[in-house]
Amino acid sequence: MTSETAPAAAELIVWRTLLRAQARLSHRLQAELLARHDLAPGSYDVLMHLGEAPHGRLRMNDLADRVLMSRSGLTRLVDRMQRDGLVTRQSCASDARGLFAALTPEGRARLAEAAPTYREVVRDHVLSRLDEPDVRTLGRILDKLADEGDPA
């Protein structure tokens, strides 16, 4: 890497600060969700995405993409959640190989119990520290970073 392409020290500090902020929020979410609801953040993410989906179900491949997990990792997580009665698997009528993960009534109840805790942690540790212009700016920055297209 030449000096023209090497990130400047200030840029690396921003990058490390972003990583540290994300890690702190993740740890706080994990601690609160486990302590209050015996629910890991990955399980919460699955419940949240299923809760937002039509009929409370998503194809396993689509769910894996939404929760940012590998297919095998999601399969193991859904296995555990199924044993806990939070989700079920349903076959796909139009594709015999396709499977849906579907929210159970127990899963919907756990989501309803845990969602206020999730929102509280995000509000207390992120949003309460930002004013409205900061929130809009952060949203625009994160949209740029999350965009999977080619850089402009």
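At the heart of this predicted model is a largest nonpolar core of 23 residues, and the members that touch the most others are Val-46, Leu-47, Leu-50, Leu-63 and Leu-74. Several elements feed this core with at least two residues each, and the table shows where they sit.

| Element | Residues |
|---|---|
| α2 | 41-52 |
| α3 | 60-66 |
| α4 | 71-83 |
| β3 | 95-103 |
| α5 | 105-125 |

Let's zoom in on Leu-50. Leaving aside residues up to four places away in sequence, Leu-50 touches Gly-56, Arg-57, Leu-58, Leu-63, Val-87, Ala-101, Ala-102 and Leu-103. One of these partners, Leu-63, is also on the list of core residues that touch the most other members.

Now for the whole chain. You'll find 6 helices and 3 strands here, and walking along the sequence they come in the order α-α-β-α-α-β-β-α-α. The protein is more spread out than a compact globule, because its radius of gyration is 19 Å, well over the 15 Å that the globule rule gives for 152 residues. Along the principal axes, the C-alpha trace spans about 55 × 35 × 25 Å.

How much of the protein is buried? Buried residues account for 25% of the 152. As for contacts between residues at least 6 apart in sequence, 52% of them link residues at least 24 apart.

On the outside, the protein exposes about 10,500 Å², with carbon and sulfur atoms supplying 54% of that area. Charges come as 22 positive and 22 negative side chains, and the centres of those two sets are 3 Å apart.

Definitions and conventions:
Residues are numbered from 1 along each chain as its sequence is written. This is a predicted model: local features need pLDDT of at least 70, side-chain atom pairs count only at pLDDT 80 or more; totals for chains, interfaces and linings use all residues. Side-chain values use heavy atoms; hydrogens and water are left out. Helices (H or I, at least four residues) and strands (E, at least two) are DSSP runs, numbered from the N terminus. The radius of gyration is taken over C-alpha atoms; the globule rule is 2.2 Å times the number of residues to the power 0.38. Buried means under 20% relative accessible area, exposed over 50%, partly exposed in between (1.4 Å probe, protein chains only). Contact means heavy atoms within 4.5 Å. Accessible areas come from the Shrake-Rupley method with a 1.4 Å probe; for residues, only the protein chains shown count as cover. Lys and Arg count as positive and Asp and Glu as negative; His and the chain ends are not counted. The place of a charge is taken as NZ of Lys, CZ of Arg, CG of Asp or CD of Glu. A nonpolar core is a set of buried Ala, Val, Leu, Ile, Met, Phe, Trp, Tyr and Cys residues joined through side-chain atoms within 4.5 Å.
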